[in-house]
Amino acid sequence: MNEHVHDPYVQRAQKEGYRTRAAYKLLEMDDRDRILKPGMVVVDLGAAPGGWSQVAASRVGKSGSVIAVDILPLCIIDNVEFIQGDFCDTAVVARIEGKLGGRKIGLVISDMAPNISGISMTDQARAMNLAELALEFAVRNLQSGGTFLVKVFQGIGYEDFVKLMRGHFSRVMTRKPDSSRDRSKELYLLGTLKF
């Protein structure tokens, strides 16, 4: 708790009106890779409490749209449509695809992580399963040349997942934002869909 309270990104988020320190991870990656563009359709998987959706909505502007999905509730964010439900549920995926109304997505972002049990093998397997579900959704719904950004954890299944992504994307890059805690095993994989 002490680490969280004194975290410079937590303090900055409170000053700048972001719901979570995670907003700075997406800001950093977008500043580097220019993945958010005005007018773009973005789907944010695992959106609560909303830091990534805030960043995405501000960067795509009023001409763009953000669809946010989470099992937890999300307070209203301008220019963000929210679907509450479990992304592992096919009915929730159908609701997302219904909101798209046939539009293709420019960017799928996934900061999803499972509730931690403390059993590392189980937690890693559950995290990789979420990443695989997000990948499957992205490949099915991204426009040609669209982008997929997903949180993964180093460990069992990581290398296989990278290979899986390389099978679908013309480029796959690894990112570890400065705002990600050093002790965290989280990494982000960024893929551009083949044309």
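Two strands count as paired if DSSP finds at least two bridges between them. By that yardstick β1 and β4 pair up, running parallel over 4 bridges. Keep in mind that this is a predicted model. Here's a quick tour of strand β4 and its partners, followed by a few backbone spots worth a look.

**Strand β4 and its neighbours**
- Strand β4 covers residues 105-110 and is mostly covered, with 6 of its 6 residues buried.
- On the β1 side, Asp-44 stands opposite Ile-109 of β4.
- β4 also runs parallel to strand β5 (residues 142-153), and 5 bridges join the two.
- Ile-109 turns up here again, as its bridge partner in β5 is Leu-149.
- To get from β4 to β5, the chain passes through helix α6 (residues 120-141), and this β-α-β crossover is right-handed.

**A cis peptide bond**
- Ala-48 and Pro-49 are joined by a cis peptide bond, with omega at about 5°.
- Pro-49 lies in the loop that sits between β1 (41-45) and α4 (51-60).

**Positive phi outside glycine**
- Arg-34 isn't a glycine, yet its phi is positive, near 50°.
- You'll find Arg-34 in the loop between α3 (23-33) and β1.
- Arg-34 has a relative accessible area of 54%, so it counts as exposed, the cut-off being over 50%.
- Asn-79 is another non-glycine residue with a positive phi, near 70°.
- Its loop is the one between β2 (65-70) and β3 (80-84).
- With a relative accessible area of 27%, Asn-79 is partly exposed.

Technical notes. Residues numbered from 1 in each chain as written. Predicted model: local features only at pLDDT ≥ 70, side-chain atom pairs only at ≥ 80, totals over all residues. Heavy atoms only, no water. Buried < 20%, exposed > 50% of the residue type's maximum accessible area, 1.4 Å probe, protein only. Right-handed = clockwise from strand over helix to strand, strands pointing away.
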